[in-house]
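Biologist: I am new to this structure and would love a close look at one part of it. Could you pick a good starting point and walk me through what surrounds it?

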Protein chains: 2
Amino acid sequence: MILGFDLKKYIRDIPDFPEKGILFRDITPALESPEAFGWICDTLAKRYSGYGIDKIAGIEARGFLFGSVLAYKLSKGFIPVRKPGKLPGETISESYSLEYGKATLEIQIDAVSAGEKILIVDDLLATGGTAAAAAKLLGNAGGRVIEILSIIELTDLKGREALSGIPLYSLISY
Amino acid sequence: MILGFDLKKYIRDIPDFPEKGILFRDITPALESPEAFGWICDTLAKRYSGYGIDKIAGIEARGFLFGSVLAYKLSKGFIPVRKPGKLPGETISESYSLEYGKATLEIQIDAVSAGEKILIVDDLLATGGTAAAAAKLLGNAGGRVIEILSIIELTDLKGREALSGIPLYSLISY
């Protein structure tokens with residue numbers, strides 16, 4: 001692990017994406033750098049080693065990138081939290097509001113056993129709507145969400161307050 | 001590494017998904033099993049260690065799961081190959097035909113440097129259309145695709161023949 005690693009050097013600001021007026025925090029330079037991606041994964045694995053997690057739930061699609069490495073490194077099961085219609089078999093879903101319209105997340109009905117302690121992983125927390133819906137979904141399936149991990153947190157949008165008291169951990173914030 | 005590991009025990013057959021008459025090979029039980037997921041990742045990392053790869057390109061979304069762990073383990077840069085409109089900044093794209101309609105893949109224009117040796121990662125090879133389009137896209141960006149890795153190969157669909165001579169490696173086939 002590199003102490004004092006400056007991850008923000010690997011986040012690229014792209015104005016007006018996905019729409020005019022939004023400053024997008026692009027994480028792809030961190031993915032393309034073995035140093036940055038390695039630092040992220042090692043730092044997270046260190047935090048969550050011995051944390052008492054049973055399973056790691058990654059939110060499609062960028063949450064898959066960090067969640068899968070963490071599941072591998074900690075030897076925990078991985079649960080894909082996906083957009084509707086992507087998962088075969090019996091699923092349960094949770095819909096939530098976006099600024100314009102609605103979105104839905106799905107998991108397979110047998111993805112969680114009762115009482116399992118779940119860490120939810122995504123790349124960015126904005127208003128918190130997606131993370132809150134994922135937490136509700138995993139809770140409805142019988143899991144106990146013990147923490148939400150987001151690589152980036154946009155603090156102005158107060159997403160942390162939308163998480164019904166579930167702790168949020170982020171590596172960097174803007 | 002577990003010798004003679006039976007990965008097919010962790011693949012679930014789901015009939016009539018995503019549509020009537022299709023037998024879907026569901027990889028989620030392998031993701032939920034630390035033994036199976038660990039075996040996949042360790043086996044792949046062993047194969048590609050010292051293989052002369054510069055970067056690993058994972059195809060959204062399930063290709064992200066295996067590609068990211070491999071990029072982490074081999075300390076190589078990861079390139080997300082995404083559906084249209086997901087990547088910020090300047091992108092290049094490649095469209096291809098599906099049974100009904102068309103699909104498009106995108107990468108950021110600066111994702112590849114000239115001559116970089118690329119491994120493409122996806123979870124399943126069926127007709128090969130997606131993998132062939134990803135290879136064309138990465139080639140157009142200046143990369144040299146040296147192999148396509150798919151966890152599962154559906155041999156009846158002859159996707160291997162659609163890859164313009166690029167070698168395909170799969171862990172299991174049906």
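Modeller: Happily! Let us start with A:Glu153, which counts as buried because its relative accessibility is 6%, under the 20% limit for that label. Please keep in mind that this is a predicted model.

Where does this residue sit? A:Glu153 belongs to strand 8 of chain A, which covers residues 144-153. Leaving aside residues up to four places away in sequence, A:Glu153 touches A:Leu125, A:Arg160, A:Leu168, A:Ser170, A:Ile172, A:Ser173 and A:Tyr174.

Now follow the strand sideways. Strand 8 of chain A runs parallel to strand 7 of chain A, and eight bridges join the two. As one example of facing residues, A:Ile120 stands opposite A:Ile148 in strand 8 of chain A. Strand 7 of chain A spans residues 117-125, and seven of its nine residues are buried, so this strand is largely enclosed by the rest of the structure. Strand 7 of chain A also pairs with strand 3 of chain A (residues 55-59), again in the parallel sense, over four bridges. There, A:Ile56 stands opposite A:Leu119 of strand 7.

From the strands, let us turn to the empty spaces. A search of the whole structure finds three cavities of 30 Å³ or more, and the largest cavity holds about 70 Å³ of space. Which residues lie nearest its centre? Of the 14 residues that line the largest cavity, these are A:Asp26, A:Ile27, A:Thr28, A:Arg62 and B:Arg82. Strand 2 (23-26), helix 1 (28-32) and helix 3 (62-74) of chain A each give at least two residues to this lining, with strand 2 of chain A supplying the largest share, three residues. By character, the lining of the largest cavity is made up of eight nonpolar, one polar and five charged residues.

Finally, step back to see both chains together. Chain A can be laid on chain B by a turn of 180° and a shift of 0.0 Å along the axis, with an RMSD of 0.0 Å. The two copies are therefore related as by a two-fold rotation axis. Within chain A, the residue that comes closest to the rotation axis is A:Val69, whose C-alpha is at 2.5 Å. As for how the chains meet, 100% of the interface residues of chain A are also interface residues in chain B, so the copies meet through the same surface.

Note on methods. Residues are numbered from 1 along each chain as its sequence is written. Chains are lettered from A and ligands numbered from 1 in the order in which they are written. This is a predicted model: local features need pLDDT of at least 70, side-chain atom pairs count only at pLDDT 80 or more; totals for chains, interfaces and linings use all residues. Side-chain values use heavy atoms; hydrogens and water are left out. Buried means under 20% relative accessible area, exposed over 50%, partly exposed in between (1.4 Å probe, protein chains only). Contact means heavy atoms within 4.5 Å. Copies are superposed by least squares on the C-alpha atoms of residues with pLDDT of at least 70 in both. On a 1 Å grid over the protein atoms alone, a cavity is a set of points where a 1.4 Å probe fits but cannot get out, and a pocket is an open set with protein on both sides within 12 Å along at least five of seven lines; lining residues have an atom within 4 Å of a point. Grid points are joined across faces, edges and corners, and a volume is the space filled by probe spheres set on the points. Ala, Val, Leu, Ile, Met, Phe, Trp, Tyr, Cys and Pro count as nonpolar, Asp, Glu, Lys and Arg as charged, and the others, Gly among them, as polar. Two strands pair if DSSP finds at least two bridges between them.
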